[in-house]
Amino acid sequence: MKAKIFTSLKIIIAAILATLTAHFLKLNFAVSAGIVAILSVQPTKKETLNTALSRLQAFIIALILFKTCSCILGFTYYAFFLYLIVFIFLCQFFKWYSAMAMDSVLISHFLTLKAFGADELKNEILLFVIGVGFGILANIFLRKQTDKIEALKKEADEQIKQILNRMSQRILDLDFSNYTGDCFKKLDTAILEAKIFAEANANNQLKKTDNFDQKYIEMRNAQKEVLQEIYKYIIELKSVPATAQTVSDFFKKVAEEYETNNDVVLLIEELQIIHSKMKEVKLPQNRNEFEDRALLFMMLNRMKDFLYLKRNFYISYGCNKKGLK
């Protein structure tokens, strides 16, 4: 709600200041500068700048096009209709969708004034520059929502910890209640929301690309996919083999140590030791135990992938960049 109120106030102020500036400069159709400002404010800084650039290109084309049409048909509706036909097709072709209405409103002023001289051209250019300019200025005040994205990342991490804990319990308890995989739906929601905010934050950084949060969410999403594969193995278990306790304990330990600044080196080393010890365990006595031990072994292999996703992220993006050690 606060974000919506802030965005609304930002647009209102940009529109008012653009209109007042155009009025102060004694421009015709000063209110149009405010309308241009409203249409120029986009959700992020990059979107605002990209939209402004596309509208500028379209505006230049619109000026040339209407000048040509007015020379042929005069300042008549027919000239404006011809301009619209060609301009809209061009906007569709070049994907200048947001420029169609705004630029055409400015072009319509020439039709009203029935003139296309230096003064009229200067008037429309200034309306465009003032409106777009205040739209860009409004978005300068957009800041990275650090607290929000950190909260969403923690929510995703907490969901993963819960999934790991539930897996640890299910390995030892075949009748573990409510083990349906619904927890992955909550994790999907948390990751999706975090991804949206991470992208918005990245698009609000103009001087440099800070994509740490985006890459972090991508890493957690990849880990989620690994956990989904492990889940498929767990629900196939028909017994509790001798090695189940070791695997369960390790899953629980991963959950306990699951945090942003863990480089997981010690967990990977422990996993290697567990692998070695499992090879020394007495061979299974029946087919069911053989299959279940094979499933447990595959779970550990996938857990290795799970840990290396974090390890590789830590090496590539060095949590030192975020002040973590």
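**Surface patch and salt bridges**

Author: Ile72, Leu73, Tyr77, Tyr78, Phe81, Leu82, Ile85, Val86 and Phe89 make a nonpolar surface patch of about 980 Å². Bear in mind that this is a predicted model.

Reader: Which helices supply at least two residues each of the nonpolar patch?

Author: Those are α3, residues 45–73, and α4, residues 77–94.

Reader: And which one gives the most?

Author: Helix α4 does, with seven residues. Ile85, for example, is found in α4.

Reader: Changing topic. How many salt bridges are there in the whole structure?

Author: A search of the whole structure finds 11.

Reader: Pick one. What does Lys238 pair with?

Author: The side chain of Lys238 meets that of Glu291 in a salt bridge, at 3.8 Å from N to O. This pair links distant parts of the chain, 53 residues apart. Lys238 sits in the loop between α9 (212–234) and α10 (244–256), while Glu291 is in helix α12, residues 287–317.

Reader: Is Glu291 buried or exposed?

Author: Glu291 is partly exposed, with a relative accessible area of 27%. Buried would mean under 20%, and exposed over 50%, so a value in between counts as partly exposed.

Reader: What about Lys253, which residue does that side chain meet?

Author: Lys253 meets Glu270 in a salt bridge, with 2.6 Å from N to O. Lys253 lies in helix α10 and Glu270 in helix α11, residues 265–280, so the pair ties together parts that are 17 residues apart in sequence.

Reader: Where do those two stand on accessibility, buried or exposed?

Author: Lys253 is partly exposed, at 29% relative accessible area. Glu270 is partly exposed too, at 24%.

Reader: Which residue does Arg311 meet in a salt bridge?

Author: The side chains of Arg311 and Asp263 meet in a salt bridge, at 3.9 Å from N to O. Here too the pair links distant parts of the chain: Arg311 is in helix α12 and Asp263 in the loop between α10 and α11, 48 residues apart.

Reader: And Asp263, how does that count, buried or exposed?

Author: Asp263 counts as partly exposed, at 27% relative accessibility.

Reader: Last one. Which residues are linked in a network of salt bridges?

Author: Glu150, Lys153 and Asp213 are linked in such a network.

Definitions and conventions
Residues are numbered from 1 along each chain as its sequence is written. This is a predicted model: local features need pLDDT of at least 70, side-chain atom pairs count only at pLDDT 80 or more; totals for chains, interfaces and linings use all residues. Side-chain values use heavy atoms; hydrogens and water are left out. Patches are made of residues with over 30% relative accessible area and no salt bridge: like charges are joined within 9 Å, nonpolar side chains (Val, Leu, Ile, Met, Phe, Trp, Tyr) within 5 Å. Accessible areas come from the Shrake-Rupley method with a 1.4 Å probe; for residues, only the protein chains shown count as cover. A salt bridge is a side-chain nitrogen of Lys or Arg within 4 Å of a carboxyl oxygen of Asp or Glu. Helices (H or I, at least four residues) and strands (E, at least two) are DSSP runs, numbered from the N terminus. Buried means under 20% relative accessible area, exposed over 50%, partly exposed in between (1.4 Å probe, protein chains only).
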